[in-house]
Each structure stands twice: as C-alpha cells, then as structure tokens.
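Could you walk me through this structure as you would for someone seeing it for the first time? I'd like to know how its parts are put together.

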Amino acid sequence: MIQVKEITKYFGKKPVVDNVSVNIQPGKITSFIGPNGAGKSTLLSMVSRLLDADTGEVLLDKSDVRKWKSDEFSKRISILKQSNYMNVRLTIRELVSFGRFPYSKGRLNAEDIKMVDQAIEYMNLKDLENNYLDELSGGQRQRAFIAMVIAQDTEYILLDEPLNNLDMKHSVQIMKILRKLVTELGKTVVIVLHDINFASVYSDYIVALKNGRVVKDGPTHEIINSNALKEIYDMDIPIQEMNSCRICVYFNS
Amino acid sequence: MRNRTKMLILLVIAIIFTALYLFQGLNGSYDYALPRRAIKVLAMALTGVAIAYSTVIFQTITHNRILTPSVMGLDSLYMLVQTVIYYFFGSMSILVINKNYNFFISVIAMIVFALLLYRFLFNAGKRPIYFLLLVGIIIGTFLGSITTFMQVLIDPNEFTSLQNKMFASFNNVNGDLVWLAMVIIVLTIIYGWRVIRELDVLSLGRDNAINLGVNYDKIVKSMLVLSAILIATSTALVGPITFFGLIVANLSYQYFNTYKHSVLIVGASLMSLVALIGGQWIVERIFTFDTTLSVIINFIGGIYFIYLLLKESRASV
C-alpha cells in the first residue's frame with residue numbers, strides 16, 4: 001500500500017507539488033493527469049524516491065520510503081522515467097537482465113534467467129533480444145525498458161509518460177500490456193499520461209493535478225465528465241460514449 | 001573475437017614488453033641494473049592501473065567520456081603545490097630534495113582538496129553532478145593561473161628545475177615511495193572492487209540505477225573519493241600525465257564494447273601497461289632518452305582528445 005501524505009516540493013521558491021495527499025489503490029491502474037507543469041512527474045519521482053520531498057512523506061507499507069533499504073525497496077516498486085539516455089551500448093537481453101539486479105546483484109541464477117526470458121516473451125521481443133538498443137525504433141526501445149521493469153518483478157510499477165513519442169499502434173500495444181499486467185499478474189500500475197482518452201479507456205482510477213495540487217481524484221467515471229474536466233483543464237470538453245468507452249472530444253473545443 | 005581472447009592478447013603484449021624492458025641489454029648486471037629496472041616497471045604498472053581504474057569509474061559516475069579526474073583540478077593543484085614550494089623555499093629546500101616529504105605533501109594536499117570540494121558541493125544541497133564538474137574545471141583553471149603567475153616571478157634557474165616536475169617521468173622514481181604507493185593503490189582498488197557490479201548499473205543513468213536498488217549518492221561519493229586517492233598517489237609518484245587516462249579508458253570502451261566494468265577496467269589497465277612499459281622501452285632503447293614518455297603520451301593523447309570531441313559533437317547533432 002502506497003500512501004502519499006501532504007508532500008510538498010519546491011523548485012527554487014515555486015512549489016511544484018503543493019501539499020499533495022493520495023492513496024494508491026492496489027491492483028489497479030491509476031493515472032496521473034493534468035496540464036503541463038502540474039507536477040505529475042515530480043510527484044511520481046517522489047513516490048519512487050528519485051526525488052526527496054521537502055515536507056511530508058510517502059509511505060510504503062506504513063514506513064517512509066526514505067527509510068527503506070534501497071535494494072529491498074527496489075524489489076517492491078519500480079519506476080521508468082521518460083528519457084533513458086545511456087552512454088553504453090546494450091542489447092535488449094542485457095538491458096532486461098539488469099531488471100534482476102535487485103535480486104542477483106549481477107550474478108544471474110537459473111531463476112533470474114527464467115524471469116528475463118518471460119519478460120522478453122511478454123513484450124514480444126524474442127526475435128530482437130540480441131539487437132542493440134540504438135538499432136531499435138522508439139516503440140521497440142520503450143518495450144525493452146518495460147520488459148526490464150517486468151523482469152524486476154515488483155508489486156508496483158510506476159511509469160512516467162510511457163507513450164511519449166509513440167504512434168497510435170504502439171501506444172495501444174503498451175496500454176494493453178499494462179492492463180494485462182494488472183489483470184493477469186496482479187500488479188499495481190501508476191502512470192503519468194498526457195492523452196486523456198488513454199486515461200479514460202484504460203485506467204481504473206484517476207488523480208488530476210493542476211498547479212501542484214490535486215484538483216480531483218476518484219474512479220475514472222467520476223473524473224471523465226465535462227464538469228470535472230472543465231475544472232482541470234479550463235476547457236469545455238464534450239464527452240461521447242462509444243462501445244462503452246468515454247471519449248473526450250477536445251480537439252475543437 | 002571474444003573479449004577473453006582480446007584480453008589474452010593484451011596480456012601477452014604487456015608481458016613481452018615487460019620482459020624486453022627488464023632483460024634486453026642487461027649484460028649480466030643482475031645485481032645493479034635489474035632491480036632498478038624492476039622498480040621502474042613497478043612504478044609504471046602502479047601508475048597505469050591507478051589511472052586506468054580511476055578514469056573509468058570517474059567517467060561512469062559522471063556519465064561522460066571526455067573528462068577525467070585531472071580535470072577536477074587535481075593536476076593543477078599538484079603543480080600549484082610544487083610551484084609554491086619552489087616559490088617560498090627554493091629548489092634546494094628539504095621539501096624538494098627529500099622525496100618522501102614531497103610525496104606526502106602532494107598526496108595530502110590533493111586528497112584534502114578533493115574532499116573539501118566534494119564536501120562543500122554535496123552539503124550545499126542536491127546538485128547535479130555536472131555542477132561539480134563545472135566547479136572542478138573552473139577551480140582547475142584558477143589554480144593553473146595562480147601557478148603560472150608564480151612561475152613567472154621565480155628565478156629562471158629555479159624554474160628550469162621546477163619544469164622537471166611538470167611532466168611525468170619514470171626515470172628517477174624513488175624505491176621506497178613505490179612500495180608505499182603500491183600499498184595505497186592496491187588497498188584502494190580492493191576496496192573499490194566490491195561495488196564493481198553496481199558500477200555496471202550506474203552506466204544506465206541515475207534514475208535507472210536508483211530504480212534498481214543502487215544506493216546512488218553513497219556510491220558516487222565513495223567512488224569520487226576513491227578516484228581522487230588513486231590519481232593523487234600516482235601523480236605524486238611520477239608527475240601529471242593529463243591525457244593518459246582519457247586514451248586508455250576510451251580505447252578500452254571501443255575495443256571491448258561491453259558494459260561490464262570488470263572487463264573495461266582490466267582491459268584499460270592492460271592497455272596502460274602496454275603503453276607505459278612499451279613506450280618507456282621505445283624511449284629508452286630506440287630514442288635513447290632523446291625525449292620523455294609523457295611528452296609522447298600527451299602529444300598522442302591530445303590528438304585523440306580532439307578526435308573524441310569532434311566525434312561526440314557529431315554524434316549529438
């Protein structure tokens with residue numbers, strides 16, 4: 001169980017995340033949405049201890065994330081940021097094997113190799129596993145990084161804009177995989193999304209941020225309606241229901 | 001070619017050069033020449049390994065392949081310490097003549113400097129590592145300028161003597177100091193070797209390293225201190241070889257094409273041995289001491305540095 005309690009983060013004098021409290025529902029997909037600069041990524045970074053909060057605390061199983069031992073923590077929560085620049089050349093298989101580092105510290109045993117194989121299989125990367133990352137397309141690279149996180153085998157998977165720079169086909173592919181992770185493997189997924197329709201169609205729970213504060217949070221159907229969206233985005237957004245998906249038609253509003 | 005084979009080839013070349021250097025033209029002088037040559041070989045091996053190791057870990061924690069620990073102001077500080085000694089005490093002072101004093105003063109000055117720098121920077125809040133690099137470069141330039149200023153003021157004869165300190169030389173290393181430096185370097189490397197696999201993870205970047213359970217801040221700090229100790233020791237032993245670490249580290253990345261630091265570091269160390277011992281052999285027996293090894297290394301290294309800059313700038317466009 002992850003509980004975020006009244007956390008605040010300043011960049012300079014400006015609060016980027018301002019007194020935010022959220023509980024992450026286990027076994028669900030939770031989306032963080034909101035305009036640019038709302039503090040979504042910063043919030044996610046603090047939950048995953050990539051950033052320290054200035055005040056407030058994030059609790060995993062009732063104890064502060066800063067008090068967890070780093071290798072124990074990394075068996076519980078994994079995080080994938082949007083930019084993953086590296087100056088080493090790795091193959092997909094080598095990258096995914098790094099996902100087992102919290103367990104094996106670099107010496108893979110049979111169990112680790114099995115998990116790596118499964119993760120590669122899960123992301124349909126078997127044919128490409130010996131290709132180098134810099135030879136891949138954006139979608140394949142993103143899948144490789146998600147495979148690493150799957151191999152890490154954590155209860156909580158945090159993703160910062162995983163659909164960035166992906167086309168429709170790959171975006172849908174990745175969202176479907178995340179859905180599968182929740183339903184088949186019982187993971188909890190927390191994801192920062194820009195496209196509100198992906199949030200609407202795939203998430204169970206939505207947290208909407210604006211200017212560093214939570215303006216709305218609740219089950220998806222409570223957030224995806226014109227009134228709530230008006231409050232979040234300052235736009236009049238009509239909603240259309242199609243095949244039991246609620247689609248926000250914001251393009252000409 | 002497998003990495004194991006490549007490693008063996010390097011090892012064989014290193015052994016051949018070492019044997020040539022030790023035994024060629026010995027003329028049966030086992031009591032006199034051999035121990036002296038052996039001390040030089042040991043000094044070169046220590047320097048080479050210390051520089052290779054510290055450069056590779058430094059470049060991994062700073063996520064760059066161009067800057068080396070010398071850039072953090074360590075080489076400049078060494079020159080400043082030497083210049084200050086000449087400026088205030090002259091070339092006949094005990095601090096110059098007694099190599100032990102000189103060694104200790106240089107090592108301690110460089111390590112204290114590095115620790116203060118890191119301490120100040122890390123306590124001033126969480127700053128990106130680039131900030132540290134930038135401050136290091138600026139301080140290096142600043143120290144360099146003070147050094148030049150003092151060198152302009154001292155007696156020309158003193159300056160000629162000081163000039164010997166400006167370039168690394170293996171020709172007059174002190175036997176006792178080599179053993180001391182060996183203890184420091186070997187202990188430091190054994191200590192650092194425990195986190196060799198964490199370094200592999202660090203090359204995925206800060207965020208991924210933390211995600212995978214690496215205690216990032218702690219490792220970065222301890223590795224910075226470690227590389228400072230190694231560079232300080234090797235510089236105080238033989239003098240500054242600014243571009244050397246850059247060459248061997250980058251050649252090792254290119255040649256071995258792996259992320260594994262155990263391979264990269266051992267590879268870079270072997271290359272160091274080949275370059276230093278082989279180079280010294282060529283300088284002594286072929287150029288018959290017409291030039292010094294460090295001049296050649298800095299000449300080749302400087303060209304390689306420019307090549308790397310051009311390559312990186314093309315890659316980032």
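Start with helix 10 of chain A, residues 226–233, which lies across strand 9 (205–210) and strand 10 of chain A. Helix 10 of chain A runs at about 155 degrees to strand 10 of chain A. Keep in mind that this is a predicted model.

Those two strands belong to an open sheet of six strands in chain A, with the order 6-7-8-3-9-10 and mixed pairing. Strand 6 and strand 10 (213–219) of chain A are the edge strands, each pairing on one side only. On average, neighbouring strands of this sheet are turned by 15 degrees against each other, if you ignore direction. For a look inside the sheet, try strand 7 (residues 156–160) and strand 8 (residues 188–192) of chain A, which pair in the parallel sense over five bridges. You can pick out one partnership by eye: A:Leu159 has A:Ile191 in strand 8 of chain A as its bridge partner.

Chain A also holds an open sheet of four strands, in the order 2-1-4-5, and here the pairing is antiparallel. Strand 2 (14–24) and strand 5 (63–64) of chain A stand at its edges with a single partner strand each, so one side of each has no neighbour in the sheet. Strand 5 of chain A is joined to strand 4 (residues 55–60) of chain A by two bridges, the two strands running antiparallel. Look for A:Leu59 there, since its bridge partner in strand 5 of chain A is A:Asp64.

Now step back to the domains. The domain assignment splits chain A into domain 1 (1–76 + 158–253) and domain 2 (83–153). Taken over C-alpha atoms, the centres of domain 1 and domain 2 of chain A are 25 Å apart. Where they touch, domain 1 of chain A supplies nine residues and domain 2 of chain A supplies seven. On the domain 1 side of chain A, helix 7 (residues 168–185) gives the most, with three residues. That side is made up of four nonpolar, three polar and two charged residues.

Next comes chain B, with 14 helices and zero strands. Its C-alpha trace spans about 60 × 50 × 40 Å along the principal axes. A compact globule of 317 residues would have a radius of gyration near 20 Å, and chain B, at 20 Å, agrees with that.

For a closer look, take helix 1 (residues 3–23) and helix 2 (residues 33–61) of chain B, whose axes come within 9 Å and cross at roughly 145 degrees. The crossing of helix 1 of chain B past helix 2 of chain B is right-handed. Helix 1 of chain B brings B:Thr18, B:Tyr21 and B:Leu22 to the contact, while helix 2 of chain B brings B:Leu34, B:Arg37, B:Ala38 and B:Val41. By type, the residues of this contact are five nonpolar, one polar and one charged.

Finally, how do the chains meet? On chain A, 23 residues are in contact with 18 residues of chain B. Helix 2 (70–73), strand 6 (77–80), helix 3 (92–98) and helix 4 (101–104) of chain A each give two or more residues to the side that touches chain B. The largest share of that side, three residues, comes from helix 2 of chain A. The side of chain A that touches chain B divides into 10 nonpolar, seven polar and six charged residues.

Key
Residues numbered from 1 in each chain as written. Chains lettered and ligands numbered in written order. Predicted model: local features only at pLDDT ≥ 70, side-chain atom pairs only at ≥ 80, totals over all residues. Pairing = 2+ DSSP bridges. Contact = placed C-beta atoms within 7 Å. Nonpolar A, V, L, I, M, F, W, Y, C, P; charged D, E, K, R; others polar. Axes fitted to C-alpha atoms, helices over the stretch in contact; angles between N-to-C directions. Left-handed = near helix turned anticlockwise from the far one by under 90°. Domains from an automatic or database assignment. Rg over C-alpha atoms; globule rule 2.2 N^0.38 Å.
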